[in-house]
Amino acid sequence: MQSLTPEPVISHDSGSGSDKSKPESPNDSPNLAINERKRKRMISNRESARRSRIRKQTHLENLRNQSNRLKLENRDLTNRVQLVIGHYQLVERNNEMLRVESVLLRQRLEGIRDILITRQLQQQLYNSDFAWPCNNLYAEQRPHIINQPIINHQ
């Protein structure tokens, strides 16, 4: 960083041919005013350039700070994105496992349902043997035949 002390003023000859060692004459008065204005303008320009350099230095430092801050934020966001991606992949794997489990459970449920329907139909067939009116009539007329064991005659 540059020091904030003013730079020494260097006087340049204006090319008028006047020498400072000579005594001033009344004709040199306009030249002195012009030289004084040039000297003030030169001092003002140097001060303006110094302020400009300081502004430029400050702006550059602000840009470096902003760059570092954005790099940190970018790294943080990248880490967060990676974390979210990892979580998403885990959820996807769990969902796929649940889908497979769902298919297997549906298949088991269909199998159990088929078994229950078969048993229900068998039960209805068994019960329907006695539910027909002609069967009931037969059972009422011959109760002794229904409870007897079946004997094969050969």
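Biologist: Is R99 buried, partly exposed or exposed?
Modeller: R99 counts as partly exposed, at 45% relative accessibility. Buried means under 20% relative accessible area, exposed over 50%, and partly exposed in between, with a 1.4 Å probe and protein chains only.

Biologist: And what does the R99 side chain meet?
Modeller: The side chain of E96, in a salt bridge of 3.0 Å, N to O. That term means a side-chain nitrogen of Lys or Arg within 4 Å of a carboxyl oxygen of Asp or Glu. R99 and E96 are three residues apart in helix α1, so about one helical turn separates them. E96 is partly exposed too, at 41%.

Biologist: Hang on, where do these numbers come from?
Modeller: This is a predicted model, where local features need pLDDT of at least 70, side-chain atom pairs count only at pLDDT 80 or more, and totals for chains, interfaces and linings use all residues. Residues are numbered from 1 along each chain as its sequence is written, and side-chain values use heavy atoms, leaving out hydrogens and water.

Biologist: OK, new topic: how many helices and strands are there?
Modeller: Three helices and zero strands. Helices (H or I, at least four residues) and strands (E, at least two) are DSSP runs, numbered from the N terminus. Helix α1 covers residues 29–131.

Biologist: How much of the protein is buried?
Modeller: Just 1% of the 154 residues. R50 is buried, at 14% relative accessible area.

Biologist: Which residues are networked with R50?
Modeller: E47 and R51, through a network of salt bridges. The R50 and E47 side chains meet at 2.2 Å, N to O, and E47 is partly exposed at 27%.
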